[in-house]
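Reader: I would like a close look at a single part of this model, set in the context of the chain around it. Please pick the part, and give the numbers with each statement.

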Amino acid sequence: HEIRNPIAAMRGAGQMLAGQSLDATSQSRMAQLIVREADRLGELVDDYLKLAKPPPPRMVLARVDLVVAETIEMLRSDPSFTQVTVEESYSSVTASVDSAQLKQVVINLVRNAITATTPDGQVRVKVSAEESGSTIEVWDSAGAIDTCDIDRIFEPFYTTHAEGTGLGLSTVQSIVRAHGGRVTVQSHPERGTSFKVVLPSDRAE
């Protein structure tokens with residue numbers, strides 16, 4: 001259904017464009033729907049390919065805080081960002097990472113947090129150095145994840161969101177493990193939900 005639903009939406013929009021006399025506003029809306037669903041299919045295919053054969057990380061010494069900050073800046077162009085308050089807190093942290101893969105981890109965690117909290121939610125992104133290693137923490141103000149879900153959220157294709165693919169958190173875990181790190185989750189009805197990524201540190205300043 002993850003593939004059939006976007007295809008059905010695109011097909012329906014295409015039929016309306018081809019077979020009906022639509023005003024400019026309706027034509028624009030149908031065109032936007034086709035583009036959106038095509039992008040969704042593209043992301044889905046990318047996720048499937050990464051899950052089937054995740055590429056090994058190309059480790060390079062990098063500032064983890066700068067990689068995360070650049071990723072958040074890029075994500076601010078997403079319209080969903082306007083519906084939440086995103087706070088950032090960075091300490092200077094250096095570690096051997098694959099910057100492209102680390103960006104994917106941040107994208108998946110932040111988008112997951114925004115989806116859980118919108119509208120008018122709060123999201124916090126924090127990078128810090130701890131004894132256990134370099135940490136990236138993404139917190140959201142949404143209520144607790146159901147107990148029946150929390151033990152399965154890292155399973156491939158398991159999702160609690162109607163529009164989700166069930167691959168975002170699975171991809172996060174796969175990438176973090178390939179970096180020699182770990183990802184944990186804490187969730188509470190009043191304190192919100194926090195995903196913490198811990199990576200081995202080369203140096204923290």
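Author: In the protein chain, 71% of the contacts with a separation of 6 or more are between residues 24 or more positions apart. The model is a predicted one, and every value below was computed from it. The protein chain has 205 residues, of which 38% count as buried. Its accessible surface is about 11,600 Å², with 50% of that belonging to carbon and sulfur atoms. There are six helices and eight strands, and from the N terminus on they follow the order α-α-β-α-β-β-α-β-β-α-α-β-β-β.

The part chosen is strand β7, which covers residues 192–199. Seven of its eight residues are buried, so the strand is largely enclosed by the rest of the structure. Two pairings of β7 can be described. Strand β5, residues 133–140, runs antiparallel to β7 and is joined to it by seven bridges. Strand β6, residues 182–188, is likewise antiparallel to β7, and seven bridges join these two. The connection from β6 to β7 is a hairpin of three residues.

Each pairing can be pinned to a pair of residues. On the β6 side, Val-183 has Val-197 of β7 as its bridge partner. On the β5 side, Trp-139 stands opposite Ser-194 of β7.

Ser-194, which lies in strand β7, is a useful residue to follow. Its relative accessibility is 10%, and with the cut-off for buried at under 20%, Ser-194 therefore counts as buried. Leaving out residues up to four places away in sequence, Ser-194 touches Glu-137, Val-138, Trp-139, Thr-184, Val-185 and Gln-186. Its side chain also makes a polar contact of 2.6 Å with the side chain of Glu-137.

Trp-139 leads on from β7 to another part of the chain. The charged end of Arg-124 sits over the ring of Trp-139, at 3.9 Å from the ring centre. Aromatic pairs, by contrast, number zero in the structure.

Trp-139 is also among the contacts of Val-123, a residue of strand β4. The relative accessible area of Val-123 is 0%, so Val-123 is buried. Apart from neighbours within four places in sequence, Val-123 is in contact with Thr-85, Val-86, Glu-87, Ala-113, Ile-114, Thr-117, Val-138, Trp-139 and Asp-140. Val-138 and Trp-139 also appear among the residues that Ser-194 touches. For a sense of distance, Val-123 and Arg-111 are twelve residues apart in sequence, and their C-alpha atoms are 10.0 Å apart.

Further along β4, which spans residues 121–130, is Ser-128. With a relative accessible area of 11%, against a cut-off of under 20%, Ser-128 is therefore buried. Ser-128 touches Ser-91, Val-93, Gly-133, Ser-134 and Thr-135, again not counting residues up to four places away in sequence. The side chains of Ser-128 and Thr-135 are joined by a polar contact of 2.7 Å.

To put the part back together: strand β7 is joined by seven bridges to β5 and by seven bridges to β6. Within β7, Ser-194 is buried and has a side-chain polar contact with Glu-137.

Note on methods
Residues numbered from 1 in each chain as written. Predicted model: local features only at pLDDT ≥ 70, side-chain atom pairs only at ≥ 80, totals over all residues. Heavy atoms only, no water. Buried < 20%, exposed > 50% of the residue type's maximum accessible area, 1.4 Å probe, protein only. Helix = DSSP H or I, 4+ residues; strand = E, 2+ residues; numbered from the N terminus. Pairing = 2+ DSSP bridges. Contact = heavy atoms within 4.5 Å. Areas by Shrake-Rupley, 256 points an atom, 1.4 Å probe, with all protein chains shown as cover. Phe/Tyr/Trp six-rings, centres within 6.5 Å; stacked < 30°, edge-to-face > 60°. Lys NZ or Arg CZ within 6 Å of the ring centre and 35° of its normal. Polar contact = N/O pair within 3.5 Å; in protein donor to acceptor, adjacent residues only side chain to side chain.
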